[in-house]
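Here is a walk through a protein model, one selection at a time. Keep your viewer open and follow along.

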Amino acid sequence: MTAPIEPIGYDPSAVEARWRQRWIDRATNTTDIARGKDPFYALMMFPYPSAEGLHVGNLFAFTGCDIYARFQRLQGHTVFEPLGYDAFGIHSENFALKVGKHPMELIPSNIRNFRRQLDRAGLMVDWSRSVDTTAPDYYKWTQWVFLQLFKRGLAYKKAAAVNWCPSCKTVLANEQVEGGTCERCGTTVEQRFLEQWFFKISDFAERLLHNLERLDWSETTKQAQRNWIGRSDGARLRFRVLDALADAGSSTVAVTGEMRTPADAPEIEVFTTRPDTIFGATYLVLAPEHPLVEAITTPQQRSIVDAYRARSAKQDLISRKTTKEKTGEFTGAYAANPATGGLIPVWVADYVLMEYGTGAIMAVPGHDERDFEFATRFDLPIVRVVAGEGQDAHTPFAGEAYVGDGRLVNSGRFDAMPVDAAQRVLTEWLEGMHAGRAVTNYRLHDWCISRQRYWGPPIPIIYCDKCGTVPVPEDQLPVVLPDIPDFKPDDSGVSPLARHEEWYRVPCPTCGAKARRETDVSDTFLDSAWYFLRYPSVGRDDVAFDRETTKKWLPVTTYIGGNEHAVLHLLYSRFITMVLHDMGLLDFEEPFTKFRAHGLIIREGAKMSKSKGNVVNPDDYIDAWGADSFRTYLMFLGPFEEGGDFRDAGISGVKRFLDRLWASVRDGTADGTPDPEVMRKLAATIKKVGEDVPALSYNTAIAAMMEYMNTLRKGERTCHRAEVEPVVQLVAPFAPHVAAELWEMLGHTESVFDSRWPAYDPSLLVSDTIELVVQVGGKTRGKIVVAKSITQDEALAAAKADPAIGKFITGEPKKVILVPGRLLNVVV
RNA sequence: GCGAGAGUGGCGGAAUUGGUAGACGCGCAGGACUUAGGAUCCUGUGCCGCAAGGCGUGUGGGUUCGAGUCCCACCUUUCGCACCA
């Protein structure tokens, strides 16, 4: 990058340093939480303070939010713009392990570095109310949130599968497994079953889905949440397992209506979205982990089924889900298809997932691609029960399942019924036979918050042999994370905290007997699922959030952040808010009234990353060009919600713009009168910027201001003070330091941010003459200046009279179209 | 595979309800000022053409007086989700 050799225009480093200090001295950015009128809570997603320091991506997001917030302040709101640090988690811990430092040492120094960089960026952040998720006075309340869920029965413990790297001896998050191997060491990952704490978010699936409709959020974000929640309407159907021994040795499917089944025979419950295809269900499949596998497998099949289950249990979760090749084994058992009465074999296969639906399916190979593939591979019968257009009951399958629409065939008395009607009718029919019922299923599963790690808030639970699972009493919070040197996870599959008896041995809070603490810590997503509740109440030691303050400041007016958190963070925050609302602790159940996702900054066609060597260090640019130019340039790259392509070259244009503004204020005169044409353009610019900024169209707002500067200075004219003064206010959200300086140069003593957004006279924007575009045969041939109220005939006459246009109008017009105020099209 | 989005000059990107395509900036060219210019200022800059004019928004069709914008098919690409029954 190249910096200007000798600074021209104004000197950003001097101006910016001066105003940074004044803002501190005058507490300009400190919000009057208690008394401020017309509150506006402008929230940005808090960063993880990495050792690398602030990333341009962070700064892009923060700047975009800051501009919005400063604009709202200029509109007269009392704006609260807090920022903090999301510093717990595997990310920090792994980095600490890598560099051989303790996170308790590393994180504070990272935070200091972040703060240094953030201070230079010109953000209107109220640092008197910041949070650090790793501070005991913060995670005390994270633990309190856990206890509230526990109290409500929304936190429970169960065994669940996790990814385990045998080389790193640690549990891995799904994101840390790449193609079935550990992202750090390349070892094949296994799965382990561990007891883990879960939050019952699935109970809230319908509300989380339904409420989306009334939220003012980016549509892409809402759609991502809908997909994640994954509502699907279908039916649960029950298949009775026949006495396996009675059928031993028979591998053919006997069609018999006789139920030789004992009354207590097990039943397999499946979930299907296609109850209409029940007549085509030719076999059942259970997930390898399904509890009934044990009970129904015949002695002959037991050894191969056990081997299969052992194999899939060993396989890691990710590669199992990504391997497309179908595998499975026959259990030896048969079940009765409730529709046909026929016997169908029960298989076990890993393409059925235990965590979705009931962990069992009815396979309809004729009309499901996966079942078709499986049935083909294992030579299971494939029956057509839906015929599309031009097909009938006997149309063969052309190497693939038929998943399209159509009418039922081979379905007894339901033949010829359209698929959509059959879904309903067949569900009712099966319901009548007590073989099923309509249900809605969600893909969303409960939130596993346990981490067998060190760097997180300890889960506030104590296990007592007498009293069982006992929550730590609220007045004994926080459960402080001990400062231990050996925080590295080991082969045991339990948290490093479990190695410290002096920490986990505690008396039971209820009976006083010897008891032990839970040694897992909680997921970082829990830290961030409630932080926005804390900011306005920072400083209160007695409550997580003050009732009155919260009532005044929440829900968050506008939240801006990355779409990478479109699902988890935003969904968990909504969930926690809903729970606290149901407990009567909050008056609202949706935390973020408006959410906008910002785009990504790319460079040289790729996302910035250290490995690609295309990372931009904000410090270098701020040194060379100043924070104001850097901020404005970042916003000028492209639409804020889409991101942009960072190139060094472009920033000079933005600096030139600010220099020209500077020069115009310095050289402007108060003598004489402003130019009416310039004032007209100014009014249009105030209008445009005032519309673009709240729409986050920062790039076009900046373009409009640049355009105005071109008008203002055209032909090296000396401008009038009234022509330039409002521009200082328009530019203030983007370039706060230089705006503050210019505002003072103009003689104002109060902060530009406490001035009000400039007004404009709308009457300046209407004129009685317009430029009418003239097309002949749809091709633009020129434009004419005419009265606004011109009639079609007059316009036509004027067009003919214009020599440059008239020559194209040969002969009588066939048709004339006048779009009032815009265009005339003459068809010849 | 499914879902959502995007393809416009040399480059980043603008374009109300279908109504002057290319605002603004970078870059480039010419000029002014200058000992000098990689500073500043002015002018020009989609492509072809001396010009008149023609051609132009991923490709091919369509609707319309008029399409970057609407419809159909296709290509490329980005981002999510991914055996979800």
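Before the first stop, one definition: helices are DSSP runs of H or I with at least four residues, strands are runs of E with at least two, and both are numbered from the N terminus. Keep in mind, too, that this is a predicted model.

**Stop 1: a loop residue with a positive phi**

Select L696, which sits in the loop between α21 (676–692) and α22. Its phi is near 60°, a positive value in a residue other than glycine. Is L696 buried or exposed? Buried means under 20% relative accessible area. L696 has a relative accessible area of 5%, so it counts as buried.

Now select A27, in the loop between α1 and β1 (39–44). A27 is not a glycine either, and its phi is positive, at about 50°. With 39% relative accessibility, A27 is partly exposed.

**Stop 2: helix α20 and what surrounds it**

Select residues 651–667 to pick out helix α20. This helix has 17 residues, and the distance from its first C-alpha to its last is 24 Å, close to the 24 Å expected at 1.5 Å a residue. Try colouring its buried residues, which include I651, V654, F657, L658, L661 and W662. K655 and D659 are also among the buried residues of this helix.

What do the buried residues of α20 pack against? Show α1 (12–25), α18 (618–625), α19 (627–636), α22 (698–713), α23 (721–731) and α24, and you have the helices they pack against.

**Stop 3: α20 beside α24**

Keep α20 on screen and add α24, residues 736–745. Two packed helices are described by the angle between their axes and the distance between the axes. Here the angle is about 10° and the axes are 10 Å apart. Angles under 35 degrees count as roughly parallel, and α20 and α24 are therefore roughly parallel to each other.

To see the contact, show the side chains of L658, L661, W662, V665 and R666 on α20, together with V738, E741, L742 and M745 on α24. Seven of the residues in this contact are nonpolar, two are charged and none is polar.

**Stop 4: α18 crossing α19**

Two of the helices around α20 also make a pair: hide the rest and look at α18 and α19. Their axes come within 7 Å and cross at roughly 120°. That angle makes α18 oblique to α19.

On the α18 side, select P618, Y621, I622 and W625; they meet A627, S629 and F630 of α19. By class, this contact has six nonpolar residues, one polar residue and no charged ones.

**Stop 5: the cores**

In soluble globular proteins, nonpolar side chains tend to be buried together. Which residues have the most contacts inside the largest nonpolar core? Select F199, W447, I576 and F646 to see them, in a core of 167 residues. Helix α2 (residues 56–74) gives the most to this core, with ten residues.

Zoom in on W447. Leaving out residues up to four places away in sequence, W447 touches W197, F198, F199, I201, D523, F525, L526, A529, Y572, F575 and I576.

A second, separate core has 53 residues, and A287, A336, I344 and V385 are among them.

**Stop 6: a buried glutamine in a loop**

Select Q452, in the loop between β19 (450–451) and β20 (461–464). Q452 is buried, with a relative accessible area of 5%. Its contacts beyond four places in sequence include V171, L194, E195, Q196 and D520. Add T519: Q452 and T519 are 67 residues apart in sequence, and their C-alpha atoms are 7.7 Å apart in space.

For another pair, select E373 in helix α11 (residues 369–378), and then G584. These two are 211 residues apart in sequence and 52 Å apart in space, C-alpha to C-alpha.

**Stop 7: two cis peptide bonds**

Finish with the backbone. The peptide bond from L477 to P478 is cis, with omega near 0°, and P478 lies in the loop between β21 (468–471) and α13 (501–504). Another cis bond joins L554 and P555, again with omega about 0°. You will find P555 in the loop between α16 (547–553) and β25 (556–562).

Technical notes
Residues are numbered from 1 along each chain as its sequence is written. Chains are lettered from A and ligands numbered from 1 in the order in which they are written. This is a predicted model: local features need pLDDT of at least 70, side-chain atom pairs count only at pLDDT 80 or more; totals for chains, interfaces and linings use all residues. Side-chain values use heavy atoms; hydrogens and water are left out. Axes are lines fitted to C-alpha atoms, for helices over the stretch in contact, and angles run from 0 to 180 degrees between N-to-C directions. Angles under 35 degrees count as roughly parallel, over 145 as roughly antiparallel, 65 to 115 as roughly perpendicular and the rest as oblique. Contact means heavy atoms within 4.5 Å. Ala, Val, Leu, Ile, Met, Phe, Trp, Tyr, Cys and Pro count as nonpolar, Asp, Glu, Lys and Arg as charged, and the others, Gly among them, as polar. A nonpolar core is a set of buried Ala, Val, Leu, Ile, Met, Phe, Trp, Tyr and Cys residues joined through side-chain atoms within 4.5 Å. Buried means under 20% relative accessible area, exposed over 50%, partly exposed in between (1.4 Å probe, protein chains only). The expected span of a helix is 1.5 Å times one less than its number of residues.
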